[in-house]
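Biologist: I have this model open beside me and would like to understand the words used for it. Could you take me through the reasoning behind them?

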Amino acid sequence: MVKTTNEYKNRVTFAIISHPDAGKTTLTEQLLLHGGVIRQAGTVKGRGSNKMASSDWMAIEQQRGISVTSSVLQFDYAGKRINILDTPGHEDFSEDTYRTLMAVDSAVMVIDSAKGIEPQTRRLFEIVAKRKIPVFTFFNKLDRDGRQAFDLVDELEKTLGIEACPMNWPVGSGQLLQGIYDLQADKLIKYSHTKELDQSVYDEAQTEIELLKEAGNKLDEDKVMYGRQTPVFFGSALANFGVEQFLNEYLKYAPAPSEKPTIDQQEIQPDDPQFTAFVFKIQANMNPNHRDRIAFVRIVSGNFVKGMEVTLARNGKKLKLSNVTEFLADERENIQNAVPGDIIGLYDTGNFQIGDSIFSGKKRVEFEPLPTFTPDLFNRVLAKDVMKQKTYHKGINQLVQEGTVQLFQSWRGQEYILGAVGQLQFEVFQFRMANEYNSQVIFEPIGKKIARWIDPEDLDEKMNSSRSLLMRDRKGDPVILFENQFSLNWFADKYPNVKLQAKL
Ligand code: G4P
């Protein structure tokens, strides 16, 4: 049996959540600079992919490696090993983001101080809040004229329903930014780029700080651990101002890897010597000549040792984990071992699916499934060339296993319908089918907008009609696709005892 160590306790595994343009990439870069990974800002690959039009995104995706290498960034800082998991900023890929958030132990929420809470921030926060994991807030772009700090904190508390605890406080902003006041150390950190010194700004901030000291929320580590309070920082990622204080304080309070629930209500602890892990993301490999992919695996317990044998919980298949990669710095390195909290990349030839659990030894461990989303965009998919059925089916299967789109199949028969949360998912699917599987696909709109799952016991094939299509999902569970709310209501009236269930 492999010895466990306490090494996992120095792991900090997190994701940054934000609305596009709030400064996630810039902050990530600054963190990498502090970690000594890069020497110059502006070098993170895939930068700006959030704002890209779909065609740009395709081009990037075509070169593959870019999004693979920037998916996980690992570096060492102040005695900690940090794993930052990247999440696509574009809302069309939110399914991917949500799954990645299942693999982190905390989240950093970046907010543009001029804009406050934006829609994508709120959506992502809701997912994080469901998991009750710690969230740390960074109000960015303090070097620009923004909203009043009190106003921002108030909005955060009200719209997200979480208590905020300011860790520092801005002294001015924009042209008049003088510095930030470190409320923990009780000292001013001066902003060196200040053009105008302004006494009235100091005085105003002084009054606010006094008020905070008297009436503001006190840091409550228990509340932070359960996601009920968020420590709040102000700064400017671009000017590298307040970033170091943020990083140091964050690392002080960020949680180490914790336990994870299984489908039979067990909790697997990180110090359990049995190796257990789960797949939260699958991405096609950089080399277009090979069909292999990388499965991103989060270690939950035990130590990973290169070459170890594991069992895939879904089908009992035994696999030897020899072809592995980790994401240290910006170069992928072949690793020998890894501990709970770490993310490893397994080269995969088609064994893994999103959400799979793997374990060493005999005790079967299967973690709770990753969340599925209720798609609201649907297309029937067909192969343009009917002679190429084999590659068509292979492509669909693999891309569905990667979570590119959701697949529904008619209850009887071979009809395929794809479901997605964002239109871009279809475009990526079509593009990749053509490029990687040499299969041109055609989409046909089906005029359905709502998907609801039903209990297999309630299933009656008479439920299938032109207004309510009876389908099976990837796992074989029955789903009904409705034309609109009207046809859903009509169905609900006809089958009052059938529970119609939505996913997230
Ligand atoms: P994202 O990943 O969250 O989408 O945001 P990103 O870091 O790409 O930042 C979006 C824009 O905001 C960039 O400007 C970036 O330079 C700017 N920005 C980030 N942090 C700060 C900050 O603290 N202060 C100020 N003033 N700006 C900031 P851009 O013009 O869109 O891109 P670029 O051409 O500068 O790269």
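**Reading the terms in the model**

Modeller: Gladly! Let's begin with an open sheet of seven strands, ordered 17-16-21-13-14-20-18, with antiparallel pairing. Keep in mind that this is a predicted model.

Biologist: What makes strand 17 and strand 18 stand at the edges?

Modeller: Strand 17 (318–321) and strand 18 (324–325) each have a single partner strand, so one side of each has no neighbour in the sheet.

Biologist: And how do you know that strand 13 and strand 14 pair?

Modeller: Pairing calls for at least two bridges between the strands. Strand 13 (residues 276–284) and strand 14 (residues 293–301) have eight bridges, in the antiparallel sense, and therefore count as a pair. One bridge to look for joins glutamine 283 to isoleucine 294 in strand 14.

Biologist: Let's move to another strand. Why is strand 28 described as largely enclosed?

Modeller: A residue counts as buried when 20 or more other C-beta atoms lie within 10 Å of its own. Five of the five residues of strand 28 (residues 478–482) are buried, so the rest of the structure largely encloses this strand. Pro478, Ile480 and Phe482 point one way and Val479 and Leu481 the other way, all of them buried.

Biologist: Which strands pair with strand 28?

Modeller: Strand 26 (residues 450–453) is joined to strand 28 by four bridges, and strand 27 (residues 468–472) by five bridges. Both pairings are antiparallel. Alanine 451 has leucine 481 as its bridge partner in strand 28, while methionine 471 stands opposite valine 479. In the hairpin of strand 27 and strand 28, five residues lie between the strands, and glycine 476 takes a positive phi near 95°.

Biologist: Now leucine 183: why is this residue called partly exposed?

Modeller: The partly exposed class lies between 12 or fewer neighbours, which is exposed, and 20 or more, which is buried. Leucine 183 has 18 other C-beta atoms within 10 Å, so this residue is partly exposed. You will find leucine 183 in the loop between strand 8 (179–182) and strand 9 (187–190).

Biologist: What is leucine 183 in contact with, leaving aside neighbours within four places in sequence?

Modeller: Its contacts are Pro166, Met167, Asn168, Trp169 and Leu212. Proline 166 is 17 residues away along the chain, yet the C-alpha atoms of leucine 183 and proline 166 are separated by 7.6 Å.

Biologist: How do you know that the span of helix 11 agrees with what is expected?

Modeller: Helix 11 (residues 423–437) has 15 residues, and at 1.5 Å a residue it should span 21 Å. Its end C-alpha atoms are 21 Å apart, so the two values agree. Buried residues of helix 11 include Phe426, Val428, Phe429 and Tyr437. Just after this helix, asparagine 438 takes a positive phi of about 50°.

Biologist: Which residues come nearest to the ligand?

Modeller: Of the 19 residues around the ligand, those are Gly23, Lys24, Thr25, Thr26 and Leu238. Helix 1 (residues 24–34) gives the largest share of the shell, three residues. By class, the shell has five nonpolar, nine polar and five charged residues.

Biologist: Last one: how is the chain divided into domains?

Modeller: The division is into domain 1 (7–71 + 88–256), domain 2 (270–359) and domain 3 (377–501). Between domain 1 and domain 3, 12 residues of the former are in contact with 10 residues of the latter. The side of domain 1 that touches domain 3 has two nonpolar, four polar and six charged residues.

How values were computed
Residues are numbered from 1 along each chain as its sequence is written. This is a predicted model: local features need pLDDT of at least 70, side-chain atom pairs count only at pLDDT 80 or more; totals for chains, interfaces and linings use all residues. Helices (H or I, at least four residues) and strands (E, at least two) are DSSP runs, numbered from the N terminus. The expected span of a helix is 1.5 Å times one less than its number of residues. Domain bounds come from an automatic or database domain assignment. Two residues are in contact if their C-beta atoms, placed from the backbone, lie within 7 Å. Ala, Val, Leu, Ile, Met, Phe, Trp, Tyr, Cys and Pro count as nonpolar, Asp, Glu, Lys and Arg as charged, and the others, Gly among them, as polar. A residue is near a molecule or strand if its C-beta atom, placed from the backbone, lies within 6 Å of it.
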